[in-house]
Protein chains: 2
Amino acid sequence: MQLGASEMRSAPAEHGDAEPETRATSADIGEILAAYGCRFRVRRGQRLPARHDDVETIYLVRSGLVVLQSHLTEQRRLILGICYPGEIISSRFMAALPDFTVRAARAGEVTRLRQDVFDTAAARHGWLALEFMRQMRVRANRVEAHNVIVSRLTSEERVASFLLEAGLMLGKHLARGIDIELPLPRNDMADYLALNPDTLSRVLSRLRSEGLITRLGRGRAIVHDWAALEQRSPICAALQSAYQR
Amino acid sequence: MQLGASEMRSAPAEHGDAEPETRATSADIGEILAAYGCRFRVRRGQRLPARHDDVETIYLVRSGLVVLQSHLTEQRRLILGICYPGEIISSRFMAALPDFTVRAARAGEVTRLRQDVFDTAAARHGWLALEFMRQMRVRANRVEAHNVIVSRLTSEERVASFLLEAGLMLGKHLARGIDIELPLPRNDMADYLALNPDTLSRVLSRLRSEGLITRLGRGRAIVHDWAALEQRSPICAALQSAYQR
DNA sequence: CGTATGGTTGACAATCCTCAATCCGGGTGG
DNA sequence: CCACCCGGATTGAGGATTGTCAACCATACG
């Protein structure tokens with residue numbers, strides 16, 4: 001599905017509205033932004049251009065899961081971040097990396113709007129600007145934590161950190177432990193952690209043989225000993241503050 | 001020099017001032033912020049607490065050079081970023097990493113102010129908020145580029161990228177090439193690039209033996225072939241857009 | 001001129017990556 | 001319901017890159 005520029009609506013006409021400046025939760029930010037952009041479904045694997053028609057662009061993830069990726073060379077791909085529902089992606093805050101794209105890791109819905117249209121809206125609704133700032137701050141924290149993960153942690157520490165991240169965002173408490181629907185398939189997970197897929201597999205096997213986790217099929221894991229997992233990540237505290245629902 | 005909380009002034013009294021909302025350059029942002037915080041000199045190596053008295057804090061680098069660092073363990077230190085004169089550091093945009101501190105890499109001057117005081121000022125002066133946002137955007141771009149450097153580039157590509165960064169920010173054109181006053185000593189450079197100091201030394205020696213660079217004493221390098229250096233960094237474009245004077 | 005700090009270089013070790021063979025899980029069709 | 005098949009996942013052996021340690025050297029500073 002290729003969406004043309006015409007679908008990038010501009011801001012609604014400014015009929016003398018004095019909308020109350022109430023503090024909105026991220027629950028309704030979607031409703032507001034939907035009025036300024038266009039909302040559409042994405043298939044798993046679908047790519048969304050970071051800058052649509054060469055215009056600074058914002059995506060809001062409504063549902064599903066979206067990743068930011070870049071191809072350095074034919075061999076080297078990397079995943080820079082994972083965006084969960086309710087989160088905003090702004091091309092302005094992205095570096096000019098080679099072949100940078102936004103890709104849906106799971107089917108879902110997104111809202112796309114032009115950054116300049118958003119800016120206009122944010123100038124009128126102060127809380128929108130604040131919410132945008134808050135989200136960029138959270139993302140900055142995550143990118144920084146991720147920086148530490150991929151630069152200085154051992155393979156096992158990286159995997160532990162990833163499981164903590166995923167558990168904090170997606171985990172469900174069960175009697176047996178914390179059930180995590182893994183956000184990424186193996187290859188993506190490896191590119192996210194700057195590890196070889198084989199190495200990742202080995203580490204997961206080791207954690208499994210130590211009884212820390214159990215894997216259920218391809219895309220699920222159960223963490224039996226959350227505290228032990230926390231022990232294995234030197235930046236556990238940073239993850240807890242940067243990843244919370 | 002330990003500065004007490006009393007030196008963190010609050011905002012100036014609000015005498016009915018209607019300061020013109022002119023677009024200010026980063027040259028005068030220092031003058032404005034100085035009115036809200038306190039300005040002081042820092043020695044080389046001096047540490048500034050990221051959160052002063054447990055209050056969200058902003059630093060403005062007036063001169064010198066400042067780095068953001070974290071000690072993961074006794075053995076593993078890492079440098080997350082380098083801040084050049086005119087730049088703002090906000091603890092809000094920093095992850096809760098173990099032993100995170102702001103450290104002066106070169107003697108200079110900084111202005112410190114409370115984030116809440118800044119926020120009040122920014123609410124009154126729109127351009128201040130915009131300038132803050134712009135700086136956080138630039139930093140986000142740099143952190144993302146740095147992410148790629150330390151996660152996926154080879155040691156030689158990392159060093160080339162670092163020389164590009166430093167050259168773009170600090171380089172002086174000479175007849176023989178581009179003269180760079182290296183912002184960091186060897187150990188810091190290594191921790192910034194997530195390399196072992198010995199490995200870094202080896203790479204620099206190789207670049208020197210290939211005639212790409214010459215080293216002048218400890219802290220200076222001359223890049224003879226800038227184009228060749230660009231060729232060695234897969235993210236040259238991202239660096240050029242994220243690092244410009 | 002001597003000391004201290006920081007930089008260089010070599011030999012060796014550890015980690016992680018590469019490649020290839022094998023295995024498993026979840027669809028599909030009989 | 002079961003056999004089959006395909007893509008993804010696992011695991012082993014070997015190799016490349018980087019880290020570790022130690023000795024030596026250079027530079028800066030008193």
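## A buried polar pair, a chain–chain contact and two DNA strands

The side chains of A:E109 and A:R39 form a polar contact at 2.6 Å. The model in which this pair is seen is a predicted one. The report starts from this pair, then turns to chain A as a whole, to its contact with chain B, and to the two DNA strands.

### The surroundings of A:E109

A:E109 belongs to strand β6 of chain A, which covers residues 100–114. Because its relative accessible area is 18%, under the 20% cut-off, A:E109 counts as buried. Apart from residues up to four places away in sequence, A:E109 touches A:R39, A:F40, A:R41 and A:V42, and also A:L60, A:V61, A:R62 and A:S63. A:R39 is thus both a polar partner of A:E109 and a member of this list of touching residues.

One of the residues touched by A:E109 is A:R62, which is placed in strand β3 (residues 57–71) of chain A. A:R62 is likewise buried, with a relative accessible area of 18%. With neighbours within four places in sequence left aside, A:R62 is in contact with A:G30, A:E31, A:A34, A:R39, A:P85, A:E109, A:V110 and A:T111. A:R39 therefore appears among the contacts of A:R62 and among those of A:E109, while A:R62 is buried.

### Chain A as a whole

Chain A contains 8 helices and 10 strands. Its 245 residues include 55% that count as buried. Among contacts in chain A with a separation of 6 or more, 74% are between residues 24 or more positions apart. The exposed area of chain A is about 10600 Å², and carbon and sulfur atoms supply 49% of that area.

### The contact between chains A and B

Chain A contributes 39 residues to the contact, and chain B contributes 39 residues. About 3400 Å² is buried between the two chains, with carbon and sulfur atoms giving 63% of this area. On the side of chain A, the residues that lose the most area to chain B are A:F93, A:E144 and A:R152, which together account for 21% of what that side buries.

In chain B, B:H173 is found in strand β7 (residues 172–173). Is B:H173 buried or exposed? B:H173 has 70% relative accessibility, which is over 50%, and so counts as exposed. The C-alpha atoms of B:H173 and B:V223 are 9.7 Å apart, although 50 residues separate the two along the chain.

### DNA strand D

DNA strand D has 16 residues around it, of which A:R186, A:S201, A:R202, A:S205 and B:D198 come nearest. Sugar and phosphate make up 55% of the atoms of DNA strand D within 4 Å of the protein. By class, the surface near DNA strand D comprises 8 charged, 6 polar and 2 nonpolar residues.

Which elements each supply at least two residues of this surface? They are α6 (197–209) of chain A and α6 (197–209) of chain B. With 4 residues, α6(A) gives the most to the surface near DNA strand D.

### DNA strand C

DNA strand C is surrounded by 18 residues, the closest being A:N196, A:D198, A:T199, B:R186 and B:S205. Of its atoms within 4 Å of the protein, 58% belong to sugar or phosphate, and the rest belong to bases. The surface near DNA strand C consists, by class, of 9 charged, 7 polar and 2 nonpolar residues.

A polar side-chain atom of B:R202 is placed 2.9 Å from a base nitrogen of DNA strand C. The elements giving two or more residues to the surface near this strand are α6 of chain A and α6 of chain B. The largest share, 5 residues, comes from α6(B).

### Polar pairs with the DNA strands

The table lists pairs of atoms between protein and DNA.

| Protein atom | DNA atom | Distance |
|---|---|---|
| A:R186, polar side-chain atom | DNA strand D, phosphate oxygen | 3.3 Å |
| B:N196, side-chain N or O atom | DNA strand D, phosphate oxygen | 3.0 Å |
| B:D198, polar side-chain atom | DNA strand D, base nitrogen | 2.7 Å |
| A:R218, side-chain N or O atom | DNA strand C, sugar or linking oxygen | 3.4 Å |
| B:R186, backbone N or O atom | DNA strand C, phosphate oxygen | 3.1 Å |
| B:R202, polar side-chain atom | DNA strand C, base nitrogen | 2.9 Å |

Terms used
Residues numbered from 1 in each chain as written. Chains lettered and ligands numbered in written order. Predicted model: local features only at pLDDT ≥ 70, side-chain atom pairs only at ≥ 80, totals over all residues. Heavy atoms only, no water. Near = heavy atom within 4 Å. Polar contact = N/O pair within 3.5 Å; in protein donor to acceptor, adjacent residues only side chain to side chain. Nonpolar A, V, L, I, M, F, W, Y, C, P; charged D, E, K, R; others polar. Buried < 20%, exposed > 50% of the residue type's maximum accessible area, 1.4 Å probe, protein only. Contact = heavy atoms within 4.5 Å. Areas by Shrake-Rupley, 256 points an atom, 1.4 Å probe, with all protein chains shown as cover. Buried area = accessible area lost by both parts, 1.4 Å probe.
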